[in-house]
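Colleague: Please take a close look at a single part of this model. I should like to know how that part lies and what surrounds it in the rest of the chain.

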Amino acid sequence: MAAGVELMLEGMVAEFKRRHKSWKQFTDMSLCKAIMVPMDKILIDTTMQRKVNFKHILNILQYFEETMIMAIQVYEDPEKPG
């Protein structure tokens, strides 16, 4: 590894440790869990969505690769459990 990259990585690790003093090992972190949910159970808040930009969509489609897909991030609404 190049010396500059190694120093940058060491700096990032030091900063992470500075910000998260209670985490001593990886298992101390509380991570989200993945679950399978049918699409009809996912509600989308349309007030939080951007307007459709067809030029942007065409650009995505032009350079689309399956490896670019990310899982959607959702949360369970306490007012609508399940």
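Modeller: In what follows, a residue is buried under 20% relative accessible area, exposed over 50% and partly exposed in between (1.4 Å probe, protein chains only). The model is predicted, so that local features need pLDDT of at least 70 and side-chain atom pairs pLDDT 80 or more, whereas totals for chains, interfaces and linings use all residues. Residues are numbered from 1 along each chain as its sequence is written, and side-chain values use heavy atoms, without hydrogens or water.

I have chosen helix 2 and the segment after it. The helix spans residues 54-62; helices are DSSP runs of H or I with at least four residues, strands are runs of E with at least two, and both are numbered from the N terminus. Helix 2 lies largely in the open, because zero of its nine residues are buried. At its start, a side-chain oxygen of Asn53 comes within 3.1 Å of the backbone nitrogen of Lys55.

Val52, Phe54, Ile57, Leu58 and Leu61 together make a nonpolar surface patch of about 540 Å². Such a patch joins nonpolar side chains (Val, Leu, Ile, Met, Phe, Trp, Tyr) within 5 Å, from residues with over 30% relative accessible area and no salt bridge, that is, no side-chain nitrogen of Lys or Arg within 4 Å of a carboxyl oxygen of Asp or Glu. Leu61, one of these residues, belongs to helix 2 and is exposed, with a relative accessible area of 57%. An α-helix has 3.6 residues a turn, so residues three or four places apart point the same way.

Ala71 is placed in the segment after helix 2. Its relative accessibility is 67%, and Ala71 therefore counts as exposed. The C-alpha atom of Ala71 is 9.1 Å from that of Ala34, although 37 residues separate the two along the chain.

The rest of the protein gives the setting. It has two helices and zero strands. The radius of gyration, taken over C-alpha atoms, is 20 Å, well over the 12 Å that the globule rule (2.2 Å times the number of residues to the power 0.38) gives for 82 residues, so the protein is more spread out than a compact globule. The C-alpha atoms fill a box of roughly 45 × 40 × 25 Å along the principal axes. Of the 82 residues, 0% count as buried. The protein exposes about 9000 Å², of which carbon and sulfur atoms supply 62%; areas come from the Shrake-Rupley method with a 1.4 Å probe.

Terms used
Polar contact = N/O pair within 3.5 Å; in protein donor to acceptor, adjacent residues only side chain to side chain. Patch = residues over 30% accessible without salt bridge, like charges linked within 9 Å, V, L, I, M, F, W, Y side chains within 5 Å.
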